[in-house]
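Visitor: Please pick one spot in this model and show it to me closely. After that, I would like to follow you through the rest at an easy pace.

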Amino acid sequence: MREFLLLEYASGLFSHHSLWQLGVDYFDHCPEYGRVYLELHIERIPLNTEQKALKVLRICEQRQMHEQVRSICKIMAMKALRNNRLGSALSWSIRAKDAAFATLISDRFLKDYCERGCFSDLDLIDNLGPSMLLSDRLTFLGKYREFHRLYGEKRFSEAAKLLLMLMTAHIAPCSFWMTLLTDALPLLEQKEVIFSAEQTYELMRCLEDLTAGKSDKQKFQDDDVETMKVEMLRLALARNLARVIVKEGTLEGS
């Protein structure tokens, strides 16, 4: 009888927008049905703000309510994505350990980068750490941002090695290959030779794989800019290969 009365009272508190947290404590004192009631009421709480969502999340985490934790994180990730708040959406999807949703948001980040030429939410992307292993696309996003950081710091050899790894490890989406190859152009044009002969051959193979994978109809539909990029890359790669051969020949002869 005592537990039944506590359950009724706690349920009443949950219906009040500012007293629901007191209801949690009452449910905690109901050993038989308290957790079941709490789980049901938690799922009905309107997550109007991120602050409220974090409060509910903390309550669930403290009580090892793993299913509710994932549900809250997914709901908040969807809300953030609908409002085009990609950083918040990615953060919530990582907390939910939702690989599929993290992949979707990573694709949005990459799409935005292609359209704007820069990344948003750099602090989040720069500090992904082990979280980037949640999905291949998230790993690619984190590593691609690392490439840009290395290039910005003029650590060209490391940047070149990472860029090549992103292509040969097959974690980059095929639609992004041309962007990666275009990123190689400034490195190919450096005064100092950055790519070795072996690396240059790898880039050539990647370029040929990209162009060979397109049908004649697709090639016909490609705009002039894309065609010009391919020709510039072929020329830059051939020139780099010649420079490498001369350099390596000079080193062998000395």
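Guide: Let's start with Leu 6, which touches Tyr 26, His 29 and Cys 30 when residues up to four places away in sequence are not counted; a contact here means heavy atoms within 4.5 Å. Before we go on, note that this is a predicted model, with residues numbered from 1 along each chain as its sequence is written. Local features need pLDDT of at least 70 and side-chain atom pairs count only at pLDDT 80 or more, while totals for chains, interfaces and linings use all residues; side-chain values use heavy atoms, with hydrogens and water left out.

Leu 6 belongs to helix 1 (residues 2–14). Helices (H or I, at least four residues) and strands (E, at least two) are DSSP runs, numbered from the N terminus. With a relative accessible area of 16%, Leu 6 is buried. The cut-offs are these: buried is under 20% relative accessible area, exposed is over 50%, and partly exposed is in between, using a 1.4 Å probe and protein chains only. One of the contacts of Leu 6 is worth a second look: His 29 is 23 residues away in sequence, yet the two C-alpha atoms are 8.1 Å apart in space.

Next to His 29 in the numbering comes Asp 28, in helix 2 (residues 20–28). Asp 28 forms a salt bridge with Arg 63, with 2.6 Å between the closest N and O atoms. A salt bridge is a side-chain nitrogen of Lys or Arg within 4 Å of a carboxyl oxygen of Asp or Glu. Arg 63 sits in the loop between helix 4 (50–62) and helix 5 (66–82), so this pair, 35 residues apart, links distant parts of the chain. Arg 63 is buried at 17%, whereas Asp 28 is partly exposed at 41%.

By this rule the model has 18 salt bridges. Another of them joins Arg 35 and Glu 39, at 3.2 Å from N to O. These two are four residues apart in helix 3 (residues 34–42), so about one helical turn separates them. In general, an α-helix has 3.6 residues a turn, so residues three or four places apart point the same way. Arg 35 is partly exposed at 39%, and Glu 39 is partly exposed at 24%. Further along, Arg 149 pairs with Glu 153 at 3.5 Å. Through shared partners, salt bridges join Arg 149, Glu 153, Arg 155 and Glu 158 into one network.

Now to helix 6 (residues 86–95): eight of its ten residues are buried, so the rest of the structure largely encloses it. The buried ones are Leu 86, Gly 87, Ser 88, Ala 89, Leu 90, Trp 92, Ser 93 and Ile 94. Their cover includes helix 4, helix 5, helix 7 (99–116), helix 8 (122–126) and helix 9 (136–152). Just after helix 6, Lys 97 has a positive phi of about 55°.

Between helix 8 and helix 9, a loop holds Ser 135, which is buried at 7%. The side chain of Ser 135 makes a polar contact with that of Thr 103, at 3.1 Å. A polar contact is a pair of N or O atoms within 3.5 Å; within protein, one must be able to donate a hydrogen and the other to accept it, and residues adjacent in sequence count only if both atoms are side-chain atoms. Setting aside neighbours within four places, Ser 135 touches Ala 99, Ala 102 and Thr 103.

A similar look suits Thr 200 in helix 12 (residues 197–212), buried at 0%. The side chains of Thr 200 and Asn 240 make a polar contact of 2.9 Å. Beyond four places in sequence, Thr 200 touches Phe 195, Leu 237, Asn 240 and Leu 241.

What about the cysteines? A disulfide is a pair of cysteine sulfur atoms within 2.5 Å, and the count by this rule is zero. For Cys 118, the closest cysteine sulfur belongs to Cys 114, and at 12 Å that is too far for a bond. Cys 206 is in no disulfide either, as the nearest cysteine sulfur, that of Cys 174, is 11 Å away. Cys 118 is partly exposed at 35%, whereas Cys 206 is buried at 0%.
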